[in-house]
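Biologist: I should like to learn how to read the features of a structure. May we go through one together?

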There are 2 protein chains.
Amino acid sequence: MKIAIAQINPTVGDLTGNAERILSMAQQAADLGADLLLTPELSLCGYPPRDLLMRPSFIQQMQQQVMALAKALPPQLLVLVGLAVENKEATSKGEKPIFNSMALLQLGQIREIFHKRLLPTYDVFDEDRYFESGTQASSFIYSVQGESGYESVLKSVHIGVTICEDLWNSESFWGKRTYPINPTQELVAKGVDLVINLSASPFVCGKQRLREDMIAHEAAQYQCPIVYVNQVGGNDDLIFDGQSVAFNRTGKIVSRASAFTTDLQLVEFSPDAHDLQPAEIVPLLAPADAELWAALVLGVKDYAHKCGFTQAVIGLSGGIDSALVSAIAAQALGSDNVLGILMPSPYSSAHSISDAEQLAHHLGITTQTIPIGPLMSGYDTTLADLFAGTESGVTEENLQSRIRGNLLMAVSNKFGHLLLTTGNKSEMAVGYCTLYGDMNGGLAVIADVPKTRVYSLCRWLNRDGEVIPNHILTKPPSAELKPDQVDQDSLPNYDILDDILERLVQQQQSADDMIAAGHSPAVVAQVIRLVTRAEFKRRQAPPVLKVTDRAFGMGWRMPIASHWSLAVSEPSALPAADVKKLTVPRVDRLETIFTS
Amino acid sequence: MKIAIAQINPTVGDLTGNAERILSMAQQAADLGADLLLTPELSLCGYPPRDLLMRPSFIQQMQQQVMALAKALPPQLLVLVGLAVENKEATSKGEKPIFNSMALLQLGQIREIFHKRLLPTYDVFDEDRYFESGTQASSFIYSVQGESGYESVLKSVHIGVTICEDLWNSESFWGKRTYPINPTQELVAKGVDLVINLSASPFVCGKQRLREDMIAHEAAQYQCPIVYVNQVGGNDDLIFDGQSVAFNRTGKIVSRASAFTTDLQLVEFSPDAHDLQPAEIVPLLAPADAELWAALVLGVKDYAHKCGFTQAVIGLSGGIDSALVSAIAAQALGSDNVLGILMPSPYSSAHSISDAEQLAHHLGITTQTIPIGPLMSGYDTTLADLFAGTESGVTEENLQSRIRGNLLMAVSNKFGHLLLTTGNKSEMAVGYCTLYGDMNGGLAVIADVPKTRVYSLCRWLNRDGEVIPNHILTKPPSAELKPDQVDQDSLPNYDILDDILERLVQQQQSADDMIAAGHSPAVVAQVIRLVTRAEFKRRQAPPVLKVTDRAFGMGWRMPIASHWSLAVSEPSALPAADVKKLTVPRVDRLETIFTS
């Protein structure tokens with residue numbers, strides 16, 4: 001039995017286009033003699049469809065589109081297509097109105113429908129918002145011609161169907177249970193020959209190894225082969241890496257599809273051997289920086305193209321962040337399609353210009369230079385009366401950033417280029433960036449990449465020759481918003497900052513934990529204060545390409561007008577006799593600080 | 001038995017401050033002879049705490065804080081306090097790590113803990129993200145001294161405890177079930193004498209009447225009195241209106257607390273009459289505009305104060321939106337604390353200045369005038385080479401808005417004023433606003449109020465004399481970004497636009513539904529296209545004060561890079577023989593259009 005893995009790149013909501021993608025794969029698979037075609041979770045509407053799922057007409061259109069697709073498919077091929085289907089008992093049972101399902105299509109008809117059982121509702125996932133859980137361990141039987149002896153013997157393969165999260169509740173692998181039930185275990189108990197898993201699993205650095213370890217563990221534990229199909233492509237903030245894999249019943253890998261690109265792979269299940277046969281194994285991307293690079297390139301490419309852009313514009317400061325984003329954009333869209341804008345001020349160093357020009361030369365991208373000195377004077381003059389007697393400071397630094405932000409948006413509006421934002425995760429965390437200034441843009445490309453990782457990625461990029469000019473890598477980072485300014489005037493050393501941020505943002509550590517790990521209490525308190533204060537800026541940031549398990553954006557939902565400090569770890573005793581006067585909870589002003 | 005209803009205004013995360021608020025209410029209640037004090041859902045941490053709940057140290061601090069509170073409370077008073085508590089069986093059972101609970105405090109100890117059972121996961125609510133559902137119908141028994149005859153007889157009152165959503169699954173009231181179980185029904189079956197409901201239910205226009213109808217229905221249906229306690233105050237985008245109520249067993253209201261302010265009310269349950277006794281009933285706010293006004297005033301006041309601001313700055317265009325927001329801010333923060341900035345351009349009409357000045361005079365707020373003509377010329381000069389040969393258009397209009405946005409942020413940064421955004425819901429829906437321009441600000445005050453409602457609210461405000469100058473109400477709305485421009489050059493008439501938006505955004509209607517209701521297919525298609533295109537702008541908008549059942553913000557989660565149109569209602573047939581070449585899904589550019 002030949003199983004084709006259709007690792008497609010759907011566009012969210014594009015039912016017709018996605019049906020065409022599936023159909024094209026099905027025709028290729030049929031030509032290759034496949035019996036069954038697997039597509040990713042919600043392959044008909046793309047993942048994540050978010051609140052489009054709340055429109056009854058969208059659900060109806062999916063029903064109609066899947067029927068049209070069924071009739072167009074090659075008749076001999078069984079096809080599993082992901083879609084949302086109505087829960088007809090929702091209002092009588094008090095359940096959610098739809099299921100996250102897979103339709104098994106055969107001979108122009110829907111033969112069966114299987115529902116996802118474990119619904120992720122954490123991080124960027126909101127599945128309990130939309131879906132009801134399926135209650136059945138889903139499987140179907142496929143009949144094949146056997147190969148033993150002289151006679152053609154009809155054999156059957158019993159296939160268990162799981163959807164994404166259904167596979168992710170292995171108590172023996174994780175050392176804990178995440179959901180009350182384990183769909184894989186139930187299928188094995190039912191006696192299936194093979195488990196398939198149809199996924200839309202977003203990229204996170206290092207996740208593929210974890211996935212493969214977990215799937216290998218499950219296959220070996222249950223002595224049951226597993227075929228895992230993943231979506232590929234960028235959809236807003238999420239990047240799906242593909243890398244669909246299959247493991248045989250000993251837990252050995254037999255197939256791996258390409259990373260970060262559409263792919264079609266074939267694996268064969270032998271009823272006689274009762275196992276999957278070895279097939280093509282595309283090597284993993286290595287080192288880790290190569291993987292991260294490929295993810296960011298795909299994220300930019302798909303966001304731009306799926307929004308209808310072919311060209312991008314980027315502000316080139318001569319610093320490392322804009323250098324990296326330019327390199328990513330040049331790879332994603334082609335050098336000819338990237339425009340770099342240099343916007344020097346009187347505080348810009350000579351090297352900021354020359355470094356940016358050298359970078360543009362290496363990348364082969366066009367640049368324009370627009371000095372901002374006259375506009376800075378213009379704002380000073382305009383605000384002179386109102387600001388008379390005040391000292392120049394953060395306000396004036398922010399204005400420089402906002403003048404640049406305005407100029408970049410003017411270029412974007414005038415020529416139809418997508419403005420890419422260049423801030424990194426460390427800046428975004430502590431608010432070392434200007435809202436409506438350097439935060440402007442349609443997509444925040446590296447806002448989930450910490451500053452120290454920006455450096456390592458650039459060094460990797462230079463492995464065979466200088467792409468990012470070496471001087472950009474070696475000079476001290478600076479926003480150049482006042483004379484002789486460097487980032488470390490305002491922030492801890494980036495090695496220290498990034499370690500604290502990793503503990504605070506990813507690991508949910510308390511101040512006590514971080515101090516116990518050796519960090520200075522004063523620095524920990526400063527970082528926590530900055531991160532808390534910057535919440536209002538992050539709320540207005542563009543979508544951030546997610547590459548870690550905790551990115552700012554859809555998966556980071558923090559209150560703004562709150563008053564809580566990790567730094568205070570002891571409870572406050574309340575004197576019953578003398579209730580204190582209520583105090584205004586937070587004195588931090590909603591001020592914007594400057595940035596590179 | 002005297003029951004005190006503590007309608008408090010907590011700040012999210014401020015455990016110590018909230019404990020003090022509860023303690024202060026408890027001392028007042030004890031002085032009034034109360035036996036039991038009720039506080040809102042999650043009263044110790046404030047609602048909604050969002051991802052603060054993911055920090056183990058935050059949950060631990062809550063445990064410590066509630067113990068400190070228990071020891072400080074008046075000894076004779078039973079107190080119910082809302083907090084999150086650890087689910088100790090989470091990893092063994094595969095459940096969520098915490099519960100949304102109420103602790104019953106007595107004599108310095110936690111006597112019992114009750115868990116919320118129905119967890120809202122829709123609109124702005126994400127409770128399945130954090131909480132495990134409770135499995136028990138929760139109740140406790142309070143013993144009271146009886147009043148019958150000569151002897152003092154010990155009687156007991158059996159009290160059922162529900163938390164917010166637990167009360168909202170009345171099949172007989174709604175005509176459908178929303179959850180599989182009905183906690184109220186289970187408590188009645190258990191024989192409770194009284195049901196209490198501890199809530200944090202956000203304001204939506206008209207919701208109080210619905211709540212009261214529903215609670216009255218439940219009380220009468222089960223012949224069981226119900227006491228409903230609501231949080232009050234603004235927390236980011238959500239405004240909690242208070243208006244705690246109690247209904248007796250015939251479904252008649254016996255108590256109502258104030259709207260939009262902290263309050264303490266007392267109701268008495270008579271074990272002999274087996275019912276609640278009549279108490280104070282604060283009248284409902286009427287008409288609807290009075291209610292909406294009070295909500296927006298509280299939303300601004302609490303957002304500002306809880307973020308540490310005492311003063312606000314607003315761009316005054318002479319139009320109706322900025323006029324209304326200025327009036328709200330003056331009421332919320334005091335006229336002395338509101339600064340209006342007039343920023344006329346060469347395209348500004350004379351009346352835009354005089355109308356704004358007259359408004360400021362009526363409100364008693366200070367103004368400053370900063371003409372933007374020189375900066376417009378500055379940008380033109382700066383961009384002259386790059387834009388040579390192009391026609392002036394949307395880019396230049398956006399620049400005017402962005403110059404104003406920069407100036408307002410400069411004032412905000414320099415003087416520490418909170419910048420309030422003035423766009424209405426109709427604009428925000430169709431993207432008739434400039435990102436990084438007039439969308440700038442810490443809070444979008446009226447971005448959930450449609451334009452037609454802005455007019456009605458202003459007319460109500462003028463009921464006893466001119467507050468909003470009449471000319472602002474009667475002149476055609478205009479962005480004044482080019483000569484003789486009016487909104488209706490680009491948009492349908494607001495009556496038509498708002499009706500279509502109501503159907504599209506609130507009611508999830510399809511294009512066919514809207515056309516069947518009498519709207520022009522071309523206008524419907526235009527509005528759908530504009531709303532879809534504006535998604536990237538809304539993603540970067542400030543928090544929007546929510547006053548309808550579907551506001552842009554936390555409860556509106558739409559993809560940006562998607563390709564789907566409500567306007568195409570027929571499915572696309574897929575020709576099996578001739579698969580079309582895949583097309584780029586959307587050609588709309590990420591361009592920003594102008595605004596008032």
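Modeller: Certainly. Please keep in mind that this is a predicted model. Let us begin with strand pairing: in chain B, strand S2 (residues 36-38) is joined to S3(B) by 3 bridges, and the two run parallel.

Biologist: Which residue of S3(B) stands opposite Leu38(B)?

Modeller: Leu38(B) faces Leu80(B) in S3(B). Leu80(B) also stands opposite Leu104(B), which belongs to S4(B).

Biologist: How many bridges join S3(B) to strand S4 (residues 98-106) of chain B, and do they run parallel or antiparallel?

Modeller: There are 8 bridges between S3(B) and S4(B), and these strands run antiparallel.

Biologist: Why is strand S3 (residues 78-86) of chain B described as largely enclosed by the rest of the structure?

Modeller: A residue counts as buried if 20 or more other C-beta atoms lie within 10 Å of its own. In S3(B), 7 of the 9 residues are buried, so the strand is largely enclosed by the rest of the structure.

Biologist: How should I read the relation between two copies of a chain?

Modeller: In general, two copies are related by a rotation about an axis and a shift along that axis. Here, a turn of 180° with a shift of 0.0 Å along the axis lays chain B on chain A, with an RMSD of 0.0 Å. That is the relation of a two-fold axis.

Biologist: Which residue of chain B comes closest to the rotation axis?

Modeller: That residue is Gln540(B), whose C-alpha comes to 2.1 Å from the axis.

Biologist: How many residues of each chain are in contact with the other?

Modeller: The contact involves 116 residues of chain B and 116 residues of chain A. Several helices of chain B give two or more residues to this side, including helix H1 (15-31), helix H8 (288-307) and helix H12 (394-415). H12(B) gives the most, with 11 residues. By class, the side of chain B that touches chain A has 52 nonpolar, 40 polar and 24 charged residues.

Biologist: Why may one say that the copies meet through the same surface?

Modeller: Of the interface residues of chain B, 99% are also interface residues in chain A, so the copies meet through the same surface.

Biologist: Which domains does the assignment give for chain A?

Modeller: The domain assignment gives domain 1 (2-276) and domain 2 (291-539) of chain A. Their centres, taken over C-alpha atoms, are separated by 40 Å. The contact takes 10 residues from domain 1 of chain A and 9 residues from domain 2 of chain A.

Definitions and conventions: Residues are numbered from 1 along each chain as its sequence is written. Chains are lettered from A and ligands numbered from 1 in the order in which they are written. This is a predicted model: local features need pLDDT of at least 70, side-chain atom pairs count only at pLDDT 80 or more; totals for chains, interfaces and linings use all residues. Copies are superposed by least squares on the C-alpha atoms of residues with pLDDT of at least 70 in both. Two residues are in contact if their C-beta atoms, placed from the backbone, lie within 7 Å. Helices (H or I, at least four residues) and strands (E, at least two) are DSSP runs, numbered from the N terminus. Ala, Val, Leu, Ile, Met, Phe, Trp, Tyr, Cys and Pro count as nonpolar, Asp, Glu, Lys and Arg as charged, and the others, Gly among them, as polar. A residue is buried if 20 or more other C-beta atoms lie within 10 Å of its own, exposed if 12 or fewer, and partly exposed in between; C-beta atoms are placed from the backbone. Two strands pair if DSSP finds at least two bridges between them. Domain bounds come from an automatic or database domain assignment.
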